[in-house]
Amino acid sequence: MNPSEWLNPHIVLGSILYALIGVLVFWISFVVIDKLTPYKLWEEIVEHKNMALAVVVAAMCISIGQIVAAAIHG
């Protein structure tokens, strides 16, 4: 693929659309996991400074991001 094909509006708009879909799926996944846990993840990490939970949530975010990326890449 030559460099001028990367500037094709269909490719750029498709990339933006896939990025927005990926972020939306990631956000929905985080909200669902937050609802399934017995406590509020964000509150526990930010207000109570639970570093262990922050590491677990970071690993969860990376894995959800990889799943979404693999699903979009197809």
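Where is Gly22 found? Gly22 sits in helix α2, and that helix is a good place to start looking around this predicted model.

**The overall picture**

Take the protein chain as a whole first. Its secondary structure comes to 4 helices and 0 strands. If you walk along from the N terminus, the elements simply run α-α-α-α. The radius of gyration of the protein chain is 17 Å, well over the 11 Å that the globule rule gives for 74 residues, so the chain is more spread out than a compact globule. You can see this in the box that the C-alpha atoms fill, which is roughly 50 × 20 × 20 Å along the principal axes.

What about the surface? The protein chain has an accessible surface of about 5,900 Å², and carbon and sulfur atoms account for 75% of that. Buried residues make up 14% of the 74 residues.

**Along helix α2**

Helix α2 covers residues 9-36. Back to Gly22 for a moment: is Gly22 buried or exposed? With a relative accessibility of 10%, Gly22 counts as buried, because the cut-off for buried is under 20%.

Ile28 has its place in helix α2 too. Ile28 is partly exposed, at a relative accessible area of 41%. Ile28 also belongs to a nonpolar patch on the surface, together with Leu24, Trp27, Val32 and Leu36. Between them, the residues of this patch have about 550 Å² of accessible area.

Asp34 is another residue of helix α2. Which side chain of opposite charge is nearest to Asp34? The nearest one is Lys40, 4.9 Å away. That distance leaves Asp34 without a salt bridge, because a salt bridge needs the nitrogen and the carboxyl oxygen within 4 Å. Asp34 is buried all the same. Leaving out residues up to four places away in sequence, Asp34 touches Tyr39, Lys40 and Leu41.

**The other helices and a loop**

Helix α1 spans residues 3-6, and Glu5 is part of it. Glu5 is partly exposed, with a relative accessible area of 37%.

Further along, α3 (41-46) and α4 (51-73) are joined by a loop, and Lys49 lies in that loop. What is the phi of Lys49? Lys49 has a positive phi of about 55°, although Lys49 is not a glycine. Lys49 counts as exposed, at 64% relative accessibility.

Val55 is in helix α4. Val55 counts as exposed as well, with a relative accessibility of 53%, because the cut-off for exposed is over 50%.

**Sequence versus space**

Here is a handy exercise for the viewer: pick two residues, check how far apart they are along the chain, and then check how far apart their C-alpha atoms are. The table gives some pairs to try.

| Pair | Apart in sequence | C-alpha to C-alpha |
|---|---|---|
| Val55 and Ile45 | 10 residues | 9.6 Å |
| Glu5 and Leu17 | 12 residues | 18 Å |
| Gly22 and Glu43 | 21 residues | 24 Å |

Each pair includes a residue you have already met. Val55 of helix α4 is paired with Ile45, and their C-alpha atoms are separated by 9.6 Å. Glu5 of helix α1 is 18 Å from Leu17 in space. Gly22, the residue we began with in helix α2, is 24 Å from Glu43, C-alpha to C-alpha.

Key: Residues numbered from 1 in each chain as written. Predicted model: local features only at pLDDT ≥ 70, side-chain atom pairs only at ≥ 80, totals over all residues. Heavy atoms only, no water. Helix = DSSP H or I, 4+ residues; strand = E, 2+ residues; numbered from the N terminus. Rg over C-alpha atoms; globule rule 2.2 N^0.38 Å. Buried < 20%, exposed > 50% of the residue type's maximum accessible area, 1.4 Å probe, protein only. Areas by Shrake-Rupley, 256 points an atom, 1.4 Å probe, with all protein chains shown as cover. Patch = residues over 30% accessible without salt bridge, like charges linked within 9 Å, V, L, I, M, F, W, Y side chains within 5 Å. Lys, Arg positive; Asp, Glu negative; His and termini not counted. Contact = heavy atoms within 4.5 Å.
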